Amino acid sequence: MNTWNVLYRGRFSSCNYACDYCPSPKTANSISDLHQVNWTRSRFVVWVGAQNRRIGILITPWGEALVHGYYRRAMIALSRMPHVYRVSGPDQSQRSS
């Protein structure tokens with residue numbers, strides 16, 4: 001079985017961190033944007049479920065997406081798939097504040 005490592009970025013254009021080097025905290029997602037984010041996230045979960053290869057998934061933005069319950073539920077659903085061996089986000093201790 002082939003192994004894929006997938007970086008899932010999603011469609012967020014905003015962020016709930018305030019890193020000096022990044023322009024994202026200076027923007028906000030509208031309700032319509034968040035519905036689009038949820039729709040594309042849902043499609044990704046369905047796509048992963050349809051694969052017949054071993055998959056590791058790194059979800060970014062880092063903690064920004066995790067404030068949304070649908071992202072947390074997606075991570076749980078992905079982690080329960082037998083062919084998904086890892087679902088994670090980068091180590092947040094490395095983030096600047």
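## Close-up views of a predicted model

**View 1. Ring pairs link W4, Y8, F44, W47, Y70 and Y71 into a cluster.** Welcome to this structure, which is a predicted model. Across the whole structure, a search finds 5 aromatic pairs. Take Y8 and F44 to begin with: their ring centres lie 4.2 Å apart and their planes meet at 25 degrees, so this pair is stacked. The pair brings together distant parts of the chain, since Y8 belongs to strand β1 and F44 to helix α1, 36 residues apart. Y8 and F44 are both buried.

**View 2. F44 and W47 form a stacked pair within helix α1.** Here the ring centres are 6.1 Å apart and the planes again make an angle of 25 degrees, so F44 and W47 count as stacked. Why are F44 and W47 separated by about one helical turn? They are 3 residues apart in helix α1, hence the spacing of about one turn. In general, an α-helix has 3.6 residues a turn, so residues three or four places apart point the same way. Are F44 and W47 buried or partly exposed? F44 has 10% relative accessibility and therefore counts as buried, while W47, at 35%, counts as partly exposed.

**View 3. Helix α1 has a buried side and an exposed face.** Which residues of α1 are buried? They are V37, T40, R41, F44, V45 and V48. These residues cover an arc of only 145 degrees around the axis, so they sit on the same side of α1. That buried set packs against β1, β2, α2 and β3. On the face turned away from the buried side you will find the exposed residues I31, S32, H35, R43, V46 and A50. The length of the helix can be checked too: with 20 residues at 1.5 Å a residue, α1 should span 28 Å, and its end C-alpha atoms are 29 Å apart, which agrees.

**View 4. A74 in helix α2 is buried and touches R41 and V45.** Helix α2 covers residues 69-79, and A74 is found in it. With a relative accessible area of 4%, A74 falls under the 20% cut-off, so it is buried. Leaving aside residues up to four places away in sequence, A74 touches R41 and V45. R41 and V45 are also among the buried residues of α1. Look next for V87, which is 13 residues from A74 along the chain; the C-alpha atoms of A74 and V87 are separated by 9.9 Å.

**View 5. Strand β2 pairs in parallel with β1 and with β3.** Strand β1, made of residues 3-8, is joined to β2 by 6 bridges, and the two run parallel. How many bridges pair β2 with β3? There are 4, again in the parallel sense, with β3 covering residues 84-88. G56 in β2 is a handy place to look: N5 stands opposite G56, and in β3 the bridge partner of G56 is R86.

**View 6. Q51 lies in the loop between α1 and β2.** This loop follows α1 (31-50) and leads to β2 (54-59). Is Q51 buried or exposed? Its relative accessibility is 16%, so Q51 counts as buried. The side chain of Q51 reaches the backbone oxygen of W47 at 3.0 Å. A polar contact of 3.2 Å also joins the side chain of Q51 to that of R53. W47 is a residue you have already met, as a member of the ring cluster.

How values were computed
Residues numbered from 1 in each chain as written. Predicted model: local features only at pLDDT ≥ 70, side-chain atom pairs only at ≥ 80, totals over all residues. Heavy atoms only, no water. Buried < 20%, exposed > 50% of the residue type's maximum accessible area, 1.4 Å probe, protein only. Polar contact = N/O pair within 3.5 Å; in protein donor to acceptor, adjacent residues only side chain to side chain. Pairing = 2+ DSSP bridges. Contact = heavy atoms within 4.5 Å. Expected span 1.5 Å × (residues − 1). Arc of directions from axis to C-beta. Phe/Tyr/Trp six-rings, centres within 6.5 Å; stacked < 30°, edge-to-face > 60°.
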